[in-house]
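Let's take a walk through a protein model together, starting with one small turn and working outwards. Keep the picture open while you read.

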Amino acid sequence: MTKTRILSLIQEGEGLRIEFKECKRKLPKNVYETVCAFLNRNGGEIVLGVRDDGEIVGVELDKIDSIKKEFVTTVNNSTKISPSFNLSIQQVTVDDKLVLYINVPESSQVHRCNGRYFDRNQDGDFNVSDKNSHLSGLFMNKQLFHTENKIYPHFTMADLRKDILEKARKLAAFQNSEHPWQNMSDLELIKSAKLYGKDTMTNEEGFTLACLLLFGKDDIILDAIPFHKTDLILRKVNLDRYDDRDDVRTNLFDTYTRIMAFGQKHLPDPFYLEDTEQGPQRTSVRDKIVREIASNILIHREYTNGFPAKIIIEQKRIYSENANRPHDHGLIDLNNFSPFPKNPNIARVFKETGMADELGSGVRNLLKYVQIYANGKPQLFDEDVFKLIVPISDFSFGPNEPINEPINEPINEPINLTPEQERLLLEIKKDPKITKPQLEETLGKSRASVTRYIADLRKMGLLEREGSNKTGRWVIIKNK
């Protein structure tokens, strides 16, 4: 936010999307009613330290930090604003005076302030809690409106990246050699993907928010939604901060690529053969899981909410959070789950380009591959902040080190192992004192099968037993 923008707002004056509040030493209590009204209507901008007539009075320097802290804490408090909403507050110097600026986007939900519903018109904020027809209209508008369809009429083709459009065209052709995008111009492709529309209230036409997120230049995306980012964090050793981090503020195609690269850098990749129509093929279970996490956090995010999206890789789990417009509310029953499209046009582009599958398949894929990867199940929480938790085994490997190291070389060259033998060695590596009954339970195999796997591995010279059957331990031979 710049001084020029503040002066432009002051010159325009208060209205449907602009509000001034005098705030020299403390926050005015009705600022939260304005936040609520903006969230419920079309969004808006609040400038603190300016009187209703546009006179800049400023905020006292010694109160700046406490005011900012109070505001951020309160808007995230569901007893004040419900559902809570993440907003930031910026400090700007104008004519040697300090003012505070708050950008409030339009929300995908209807909010309350102190238990009351507020809407916005040219005259200010008004309480609509007792106006049933008006309140019903607010809820109806939110239910029918996907914020990815918000129109930005002032952006042009010059604000989009031709290389990303060409990438989408090539990816779609790779999925389908006769894909129609191959023979379309860039604008035709955009319109075909329903990324260009018309605002029925203003009759303005233009690119949608989904289009900007997918194909926009970085500065254009941040102009439309300044808080847009995906935070990728590795936190295994330094639990107070992080071991590695990628702060991603770019289009969804490049964001997807960087999420995949971050997962490949920091997560082990076990050997796994998957039965396919073409026969058994090596499958990266790690990549399958990271792909589903990436597509989920990018397709189903509520982009008009400033809550920072993040993916955190920890010692025993992968954890993701993103702003959300909940549909099911609470922990999702993975065995009785009906998918609900949050951003259907973004989802369609992801599907056409092979970055995601059919709606709902992601949950099935997570269930399948997390079971293989960690013998566990993912957890998905459909709340105002969508949370996804994927368990991972507690390995102490460094970046890019395969999950079956240090047994990788003797296994893969020149000896080829079955997936069951790989998994057995993996369980033994995790717990050298594991018993045969425990291996039977973990692998889901009979005693005869486990005995046969062990006998074969011992014949190969990859496995030995030290000590007695009751108190001894398994030893994996590292240098066959």
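## A turn with two odd residues

Start at Asp95, which sits in the loop between β4 and β5. A quick heads-up before going further: what you are looking at is a predicted model. The strands on either side of this loop are β4, covering residues 90–94, and β5, covering residues 97–104; they run antiparallel and are joined by five bridges. One of the pairs facing each other is Gln90 and, over in β5, Tyr101.

So what is odd about the turn itself? Most residues other than glycine have a negative phi, and most peptide bonds are trans. Asp95 isn't a glycine, yet its phi is positive, at about 55°. The hairpin of β4 and β5 has two residues between the strands. Asp96 belongs to that loop between β4 and β5 too, and it also has a positive phi, about 65°, without being a glycine.

Are these residues buried or exposed? Asp95 has a relative accessibility of 47%, so it counts as partly exposed, falling between the 20% and 50% cut-offs. Asp96 reaches 78%, which is over 50%, so it counts as exposed.

## A cis bond before β4

Now step back along the chain to Pro83, in the loop between β3 (81–82) and β4. The peptide bond joining Ser82 and Pro83 is cis, with omega at about -5°.

## A buried glycine

Next stop: Gly13, in the loop between α1 (3–12) and β1 (18–21). Is it buried or exposed? Gly13 has a relative accessible area of 18%, and because buried means under 20%, it counts as buried.

Which residues does Gly13 touch, if you skip those up to four places away in sequence? They are Ile18 and Phe20. Try finding Asp53 as well: Gly13 and Asp53 are 40 residues apart in sequence, while their C-alpha atoms are 7.7 Å apart in space.

## The seven-stranded sheet

Time for a sheet. Seven strands make an open sheet with mixed pairing, in the order β13-β12-β16-β17-β20-β19-β18. At its edges are β13 (244–248) and β18 (330–331), each pairing on one side only. Helix α10, residues 285–299, packs on this sheet and touches β12 (230–234), β16, β17 and β20 (385–391). The direction of α10 makes about 15° with that of β17.

Zoom in on β16 (residues 309–313) and β17 (residues 317–323), and you'll find an antiparallel pair with four bridges. Lys310, for instance, has Glu321 of β17 as its bridge partner. Another helix, α12 (residues 361–374), lies across β19 (379–382) and β20, and runs at about 35° to β20.

## A three-stranded sheet

There's also an open sheet of three strands, ordered β9-β11-β10, with antiparallel pairing. Which strands form its edges? They are β9 (151–152) and β10 (196–198), and each of them pairs on one side only.

Three bridges link β10 with β11 (residues 205–208), again in the antiparallel sense. Look for Tyr196, which stands opposite Phe207 in β11.

## A hairpin further along the chain

Head on to β21, residues 463–466. In a regular strand the side chains alternate between the two faces of the sheet. In β21, Leu463 and Arg465 make up the covered face, while Glu464 and Glu466 are on the uncovered one.

Strand β21 runs antiparallel to β22 (residues 473–476), with four bridges between them. Leu463 has its bridge partner in β22: Ile476. The hairpin of β21 and β22 has six residues between the strands, and there Gly467 takes a positive phi near 85°.

## Zooming out

Finally, the whole chain. It has 16 helices and 22 strands, and its C-alpha atoms fill a box of roughly 90 × 55 × 45 Å along the principal axes. Of its 480 residues, 50% count as buried. Among contacts with a separation of 6 or more, 63% involve residues 24 or more positions apart.

What about the outside? The chain exposes about 23400 Å², and carbon and sulfur atoms supply 46% of that. As for charge, there are 69 positive and 71 negative charges, and their mean positions are 4 Å apart.

Conventions:
Residues numbered from 1 in each chain as written. Predicted model: local features only at pLDDT ≥ 70, side-chain atom pairs only at ≥ 80, totals over all residues. Heavy atoms only, no water. Buried < 20%, exposed > 50% of the residue type's maximum accessible area, 1.4 Å probe, protein only. Contact = heavy atoms within 4.5 Å. Areas by Shrake-Rupley, 256 points an atom, 1.4 Å probe, with all protein chains shown as cover. Lys, Arg positive; Asp, Glu negative; His and termini not counted. Charge placed at Lys NZ, Arg CZ, Asp CG, Glu CD. Pairing = 2+ DSSP bridges. Axes fitted to C-alpha atoms, helices over the stretch in contact; angles between N-to-C directions.
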